[in-house]
Amino acid sequence: MINVELLSAIHDSAVGRCRLCGSTAKTLLDLGSMPPANWLMSTHIQAIREFPLVLEKCDCGNFQLGYCLDAEDLYTHYNYATPNSPSLSEHYSRLIRHLEQNGYLTPDSNVVEIGSNVGRFLAALRPRVKSVLGIDPARNIAEIANRNGIRTLVEFFDRRVARDVARVEGTADLVVARHCLAHNRDPYEILDGIIELLAPDGALLIENAYAMSTLQQNEFDQIYHEHMFYFTLHAVRTMLERRGLALVDVMFSDIHGGSIACVAKRSMSNAAITSRIAAELWRERELLDYGLAQRFVDGTASIQAQLKSTIGDLRDRGCVIYAYGATAKGATLMNSIGLTSRDISYCADSTPIKQGKFIPKCGIEIVSEEWAFANPPDVFLLTAWNYKNELIAKARAAGLERVRFIVPVPDVTIV
Ligand code: TYD
């Protein structure tokens with residue numbers, strides 16, 4: 001459990017300044033004060049500290065949190081373990097195929113993944129490459145990876161760690177940074193390490209939730225303290241260019257509500273971007289110039305109001321409601337409209353380290369899927385809406401033919 005007294009001060013000195021380009025960043029959406037979403041509680045009334053949760057927008061195309069917590073406070077002991085999911089496995093296969101077909105990955109590649117969690121992506125890569133190595137700051141999570149045979153170092157990745165790894169293991173032909181660069185206050189610290197570690201002709205794969213999908217689909221619940229950046233292609237390009245790296249490829253996918261995967265290489269010269277990347281940059285600029293950010297703010301308010309009234313109505317009619325997926329997104333979603341265990345009795349989740357704990361602030365207890373299916377509610381609020389089809393199929397296969405599902409984004413719908 002986290003000793004909140006040890007928490008370092010929140011960084012507010014740079015509020016209002018873009019941490020990618022240095023210009024002014026303006027507040028776009030203020031979600032009030034929230035506890036960090038993955039600080040699961042051990043009782044439903046545990047006192048837990050809250051911090052401002054504010055999304056800022058910069059004209060360079062970057063979206064970021066105004067107030068950031070220290071990585072040590074968020075990641076040293078971590079409650080997120082990548083789930084075992086068919087759609088995730090399929091996504092990994094697609095990514096790997098793309099990397100192979102475009103020559104970024106060969107059977108001779110040495111691969112290092114930063115923020116490798118329990119090692120699921122490396123496990124998918126391992127049969128196709130020469131070596132894989134994971135680096136993750138969470139000891140409890142890295143232990144699971146090592147037990148599963150994915151060699152994982154327990155470290156916060158930076159230049160020192162990069163140099164040590166390069167000296168002992170050699171440089172990396174592919175460095176993977178999936179859902180991790182945007183999870184740190186200063187992504188340049190990580191990029192500087194990557195530059196130390198990358199082989200001269202090596203490739204860097206950066207993947208993150210895609211800000212344009214977040215905005216277009218009203219996914220305001222993607223905003224929580226771990227997500228310190230919301231990457232557009234413009235933002236990734238700014239970041240890479242500032243470190244002399246060239247953006248050479250981009251792939252979009254539906255995973256996690258819409259993700260962007262970019263490939264970068266060392267740029268020896270000012271290599272021209274491909275016409276496809278130029279077209280994507282133009283598309284983003286058009287959307288941003290024509291009010292997408294404001295539509296997102298309005299969409300957020302409308303979902304919050306609709307969800308609150310839908311859940312209130314269902315509860316007044318005596319319906320029992322559980323959440324499905326003890327996601328960080330769920331913590332933002334439910335806390336932002338003041339739901340508590342009086343509204344949502346339990347939250348079902350397959351992750352063993354989450355079960356028996358409570359979602360911060362709203363105090364909803366996390367139970368196993370098996371328990372939830374054996375003691376079913378009338379309605380599930382799909383807090384892991386990004387796995388919608390999988391979760392609905394799972395519940396139906398467990399015999400829950402009549403249970404209904406509230407899907408909160410892009411609009412509140414009932415399935
Ligand atoms: P994720 O969407 O990655 O969450 P976050 O918002 O925290 O980034 O997490 C999905 C959650 O859903 C995770 O806690 C595991 C859970 N889950 C199930 O309970 N059953 C399943 O079949 C799947 C695929 C996920």
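Hi everyone, I'll talk about the ligand surroundings, a buried lysine and one helix in this structure. One thing up front: this is a predicted model.

Let's begin with the ligand. There are 21 residues around the ligand, and those that come nearest are Tyr80, Asp349, Lys354, Asn386 and Lys394. Some polar distances are worth having in mind as you look at your screens. The side chain of Tyr80 places an N or O atom 2.8 Å from a ligand oxygen. For Lys329, a polar side-chain atom is 2.8 Å from an oxygen atom of the ligand. With Ser350 it is the backbone that takes part: one of its N or O atoms lies 2.8 Å from a ligand oxygen.

Now to Lys354. You'll find Lys354 in the loop that runs between strand E13 (346–348) and strand E14 (365–367). What is the nearest side chain of opposite charge to Lys354? That is Asp349, 4.3 Å away, and the cut-off for a salt bridge is 4 Å, so Lys354 is buried without one. Leaving out residues up to four places away in sequence, Lys354 touches Leu40, Asn79, Tyr80, Ala326, Asp349 and Ile366.

Last stop, helix H13, residues 388–397. Its buried residues are Leu391, Ile392 and Ala395. Viewed down the helix axis, the buried residues of H13 fall within an arc of 95 degrees, so they line one face. Covering them are, among others, strand E12 (321–324), helix H12 (369–374), strand E15 (379–382) and strand E16 (404–407). Asn389 and Ala397, on the other side of H13, are exposed. After the helix comes Gly399, with a positive phi near 95 degrees.

Thanks, everyone!

Methods:
Residues numbered from 1 in each chain as written. Predicted model: local features only at pLDDT ≥ 70, side-chain atom pairs only at ≥ 80, totals over all residues. Heavy atoms only, no water. Helix = DSSP H or I, 4+ residues; strand = E, 2+ residues; numbered from the N terminus. Buried < 20%, exposed > 50% of the residue type's maximum accessible area, 1.4 Å probe, protein only. Lys, Arg positive; Asp, Glu negative; His and termini not counted. Contact = heavy atoms within 4.5 Å. Arc of directions from axis to C-beta. Near = heavy atom within 4 Å. Polar contact = N/O pair within 3.5 Å; in protein donor to acceptor, adjacent residues only side chain to side chain.
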